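Biologist: I'm new to this one, so could you walk me through it? I'd like to hear the reasoning behind each label.

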Amino acid sequence: MKTIEQTQVANQIQNKQNFKVEIHSQHKRLYLVTIREEILEKFFKEVEKIDLQRLKYVEFERFYLANKLDKLVGDNFSSVITGILKDREHGGFSLNGNSKLSNKTNFIKLSTAITHCVGKSMFDAMTGNYYAEFAVKHTDESDTYLRSAYKSLHLHSDGAYEAEIVDWLLMMKLDEQNAVAGNSKLLHIDDWEEQKKYSKNPIGQEKVKRQGAKSKNVEAPQYRPTFFEHNGSMGICFAEQNIKPENMEQAMYFKELFHSIEQSNACVSLHLPIGELVMLNNLFWLHGREPFKKDEKLYRVLLRQRGFFVN
Ligand SMILES: [Fe+2]
């Protein structure tokens, strides 16, 4: 039997005056949200004078963008996308931000409006801003797989080492040149064949030390369980590089868990064109990236925002 929340979301698959919601063609659990192009243009024009520095320095301006977008789109747009993210059956959507006024600044403004329709973005210590913008190129000298173009960025949830719980994340493709492959990888943990095997193992319930790489600029470690109760279902906190096992038993558990999720047949590859964003509930979705095809001129820029829901 469907819950009230699920029924509400199911009813939202329809055309509203200025936006529509439909099932995504690349993933049965994802929605595709489309805002009418004229509304996007109107939004970009109305917030033209707010530059990115102002958004970085003044938090209420981020909410101002969200308020503007929500009013222009209408039909409870904020509640609809928040409902999608909280819905366990789905918990994610993609949205195309392209219009005649497409450019990097406008993509960042749109992503900011979307995240602040839902909640609030966290400070990203890696970049010293409320969002991170990172390029993947042919060469890489960083200390994580995030920018290693030709290696798989394995499935993980975000923010295991952060003091605050990351409820959701947004990723938006800002630019791409000479990029072949490198699709996003997505796994809803209710589709993972061995979820119960690993979540019921006592090690999965233990608090484990989590610490980010040096480039993340977060020194204090966090101690978190890998699996936890979330609204009557299972939540997950897993990122291979952040786990600091205490003993061989823990280490072997995580090694096997890692292989189990990486080999899951339910992992879906998602192509994200320039100007499109994907937003996911971080407590029951895992994400990663496939390797790119080698090219000395490879250049791809992704924007990331992470945050929490605000009632
Ligand atoms: Fe991530």
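Modeller: Sure. Helices here are DSSP runs of H or I with at least four residues, and strands are runs of E with at least two. On that footing, the protein has 9 helices and 17 strands. Keep in mind that this is a predicted model.

Biologist: How do you know how compact the protein is?

Modeller: The globule rule is 2.2 Å times the number of residues to the power 0.38. For 311 residues that gives 19 Å, and the radius of gyration is 19 Å, so the protein is as compact as a globular protein of that length. Its C-alpha atoms fill a box of roughly 60 × 50 × 35 Å along the principal axes.

Biologist: What makes a residue count as buried, and what share of the 311 residues is buried?

Modeller: The cut-off is 20 or more other C-beta atoms within 10 Å of its own. Buried residues come to 38% of the 311.

Biologist: Why is α4 called roughly perpendicular to α6?

Modeller: The two helices pack at an angle of about 85 degrees, with axes 7 Å apart. Angles of 65 to 115 degrees count as roughly perpendicular, so α4 is roughly perpendicular to α6. Their contact includes Phe-63 and Leu-69 of α4 and Ala-113 and His-116 of α6. Its residues split into 6 nonpolar, 2 polar and 4 charged.

Biologist: And at what angle do α2 and α4 cross?

Modeller: Roughly 145 degrees, with axes that come within 10 Å. The crossing is right-handed. Ile-39 and Phe-43 of α2 take part, as do Leu-69 and Leu-72 of α4, among others.

Notes
Residues numbered from 1 in each chain as written. Predicted model: local features only at pLDDT ≥ 70, side-chain atom pairs only at ≥ 80, totals over all residues. Axes fitted to C-alpha atoms, helices over the stretch in contact; angles between N-to-C directions. Left-handed = near helix turned anticlockwise from the far one by under 90°. Contact = placed C-beta atoms within 7 Å. Parallel < 35°, antiparallel > 145°, perpendicular 65-115°, else oblique. Nonpolar A, V, L, I, M, F, W, Y, C, P; charged D, E, K, R; others polar. Buried ≥ 20, exposed ≤ 12 C-beta atoms within 10 Å, placed from the backbone.
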